[in-house]
Amino acid sequence: MNNTQIEKNKNTKEGFKPEILVFCCNWCSYAGADLAGVSRFQYPPNIRIVRVMCSGRVEPVFILDAFQRGIDGVLITGCHIGDCHYISGNEYTRERMKHIKPLLKNLGIDARRFDLHWISASEGKQFAELIRNFTDNIQKLGPSNIPKKLGKIEIICE
Ligand code: FES
């Protein structure tokens with residue numbers, strides 16, 4: 001299969017393999033993802049994990065940037081509330097992320113392409129299940145046409 005065919009398949013529902021970005025905090029959810037791998041819990045290989053020290057490190061602009069680059073779905077995972085290594089980082093995440101879905105909606109992006117979940121270091125099975133369910137949902141939504149919708153917007157980080 002050549003590059004043109006791959007590109008064409010990505011844009012059709014039949015050959016669609018979602019590209020999903022998963023932010024994992026170092027202390028809990030990344031360990032949960034690792035446990036899923038070590039325990040051989042099966043989940044789709046469509047995800048790319050970005051390891052951050054705390055879910056609180058994920059700024060909304062990271063999510064918009066990912067969508068603008070053609071990612072089909074973005075998932076943020078972190079420690080359960082009360083377990084954050086930095087005490088309240090995930091509480092900031094929770095508050096900040098409440099605004100993301102309405103923002104995505106305003107931009108014409110289906111808010112189901114984004115989600116936030118808490119995964120502990122011992123929840124490898126739950127991590128695998130979360131990835132399977134999220135991938136299924138993105139698969140049903142089909143390929144993202146977000147870069148076309150957003151056009152060339154400039155995201156400025158200060
Ligand atoms: S260290 Fe995991 S959410 Fe803060």
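Two residues count as being in contact if their C-beta atoms, placed from the backbone, lie within 7 Å. By that yardstick, 81% of the contacts in the protein chain between residues at least 6 apart in sequence join residues at least 24 apart. The model behind this is predicted, so to speak on paper: local features need pLDDT of at least 70, side-chain atom pairs count only at pLDDT 80 or more, and totals for chains, interfaces and linings use all residues. Numbering starts from 1 along each chain, as its sequence is written.

Now for the overall layout. The protein chain has seven helices and four strands, where helices (H or I, at least four residues) and strands (E, at least two) are DSSP runs numbered from the N terminus. Read from the N terminus on, the elements go α-β-α-β-α-β-α-α-β-α-α. Of the 158 residues, 37% are buried; that label takes 20 or more other C-beta atoms within 10 Å of a residue's own, while 12 or fewer makes it exposed and anything in between partly exposed, with C-beta atoms placed from the backbone.

What about the inside? A nonpolar core is a set of buried Ala, Val, Leu, Ile, Met, Phe, Trp, Tyr and Cys residues joined through C-beta atoms within 7 Å. The largest one here holds 39 residues, and Cys25, Ile63, Phe67, Val74 and Phe127 touch the most other members. At least two residues of this core come from each of E1 (20-25), H2 (29-38), H3 (60-68), E3 (73-78), H5 (100-106), E4 (114-118) and H6 (124-141). In soluble globular proteins, nonpolar side chains tend to be buried together. Leaving aside neighbours within four places in sequence, Val74 is in contact with Leu21, Ile63, Ala66, Phe67, Arg113 and Phe114.

Helix H6 has its own story. Its buried residues are Gly124, Phe127, Ala128, Leu130, Ile131, Phe134, Thr135 and Ile138. Seen down the axis, they fall within an arc of 160° (taken from the directions from the helix axis to the C-beta atoms), so they line one face of the helix. They pack against E1, H2, E2 (47-52), E3 and E4. Over on the other side of H6, Asp136 and Lys140 are exposed. Right after H6 comes Gly142, with a positive phi near 85°.

Finally, there is Val52, in strand E2. Val52 is buried because 20 other C-beta atoms lie within 10 Å. Not counting residues up to four places away in sequence, Val52 touches Phe23, Cys25, Asn26, Arg57 and Val58.
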